[in-house]
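Me: I'm new to reading protein models, and I'd like a close look at one part of this one. Could you start with the rings and then walk me slowly through the first helix and what it touches?

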Amino acid sequence: MRITAGIYKGRKLNVPKGLTVRPTTDYMRQALFNILGDAVQGAKLMDLFAGTGAIGIEALSRGAEHVTFVERNRKVISILKRNLETLEIPQKAYAIWAKDVSALRPSQAVWDILFADPPYDVLNFDLAPLAESIGNPQALLVVEHSAKNPPEESDVMLVDRRVYGQSCLSFYRFNRD
């Protein structure tokens, strides 16, 4: 697995062996960032279910200002940290939250883009808690999911959906008054 564009283009990422991690493929990452375009430049991104960090690192490579990685598995976090260190990404450019996504609470921090790639066997992934924990009502939420199992859409508005084989990228805006 390699970074597909930007300042880290072509650099390899470590991927865990034997752990249940399904990194976003190079093809899906390219599609995602082609759709996001210039919105990544200077953005603050939250990478939920971060795994190896491929999405967040790709965002940093393409000009994101800061990425917050959220991952609960300590073994996977060690691989994420190794990827960040190997690429010599400055520590001020990221934060790692070792917690379950369901444990997110309202925050003063403001993100521009949130990317969630929950395990495909998580049925009915509810987006409502994310809407409550994000400080930016204009934030874009992107969810990678099985084409057969879209997430619950309460408190969000679907603005685009792209299907790539058995995987899907859904783009949402939060419904806020």
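How many aromatic pairs does the structure hold?

Reply: The structure holds 3 aromatic pairs. Here, rings of Phe, Tyr and Trp (its six-membered ring) pair if their centres lie within 6.5 Å; planes under 30 degrees apart are called stacked, over 60 edge-to-face, and the rest tilted. One of them joins Phe69 and Tyr94, edge-to-face, with 6.4 Å centre to centre and 70° between the planes. Phe69 belongs to strand E2 (residues 66-70) and Tyr94 to strand E3, so this pair ties together parts that are 25 residues apart in sequence. Helices (H or I, at least four residues) and strands (E, at least two) are DSSP runs, numbered from the N terminus. Phe69 and Tyr94 are both buried. For burial, the cut-offs are under 20% relative accessible area for buried, over 50% for exposed, and partly exposed in between (1.4 Å probe, protein chains only).

Another pair is Trp97 with Trp111, again edge-to-face, at 5.7 Å centre to centre and 85° between the planes. Trp97 lies in strand E3 and Trp111 in the loop between E3 and E4, so here the parts tied together are 14 residues apart in sequence. Trp111 is buried, with a relative accessible area of 3%, while Trp97 counts as partly exposed at 26% relative accessibility. Trp97 has company too: Lys99 lies over its face, 5.2 Å from the ring centre. That label is used if NZ of Lys or CZ of Arg is within 6 Å of the ring centre and within 35 degrees of the ring normal.

Before the helix, a word on what you're looking at. This is a predicted model, where local features need a pLDDT of at least 70, side-chain atom pairs count only at pLDDT 80 or more, and totals for chains, interfaces and linings use all residues. Residues are numbered from 1 along each chain as its sequence is written, and side-chain values use heavy atoms, with hydrogens and water left out. pLDDT is the predictor's confidence in each residue, from 0 to 100. The chain averages 86, and 84% of the residues score at least 70. Among the elements, helix H2 (residues 54-61) has the highest mean, 97, and helix H4 (residues 128-133) the lowest, 63. Where pLDDT is low, the predicted coordinates should not be read in detail.

Now for the close look at helix H1. It covers residues 26-36, and Met28, Arg29, Ala31, Leu32, Phe33 and Leu36 are buried in it. What covers those residues? The cover includes H2 along with strands E4 (113-116), E5 (140-146), E6 (156-164) and E7 (167-174).

Tyr164 shows one side of this. Tyr164 sits in strand E6 and, leaving aside its neighbours within four places in sequence, is in contact with Tyr27, Met28, Ala31, Ile35 and Leu169. Contact means heavy atoms within 4.5 Å. Just after H1, Gly37 takes a positive phi of about 55°.

Arg29 is the residue to zoom in on. At 0% relative accessibility, Arg29 counts as buried. Its side chain meets that of Asp26 in a salt bridge of 2.2 Å, N to O. A salt bridge is a side-chain nitrogen of Lys or Arg within 4 Å of a carboxyl oxygen of Asp or Glu. Because Arg29 and Asp26 are 3 residues apart in helix H1, about one helical turn separates them. Asp26, at 31% relative accessibility, counts as partly exposed.

Arg29 also meets Glu58 in a salt bridge, at 2.7 Å, N to O. That pair links distant parts of the chain, with Glu58 in helix H2, Arg29 in helix H1, and their positions 29 residues apart. Glu58 and Arg29 are both buried. Glu58 in turn has a salt bridge with Arg62, at 3.0 Å, N to O, and both of those residues are buried.

Put together, Asp26, Arg29, Glu58 and Arg62 are linked in a network of salt bridges. By this rule, the count for the structure comes to 5 salt bridges.
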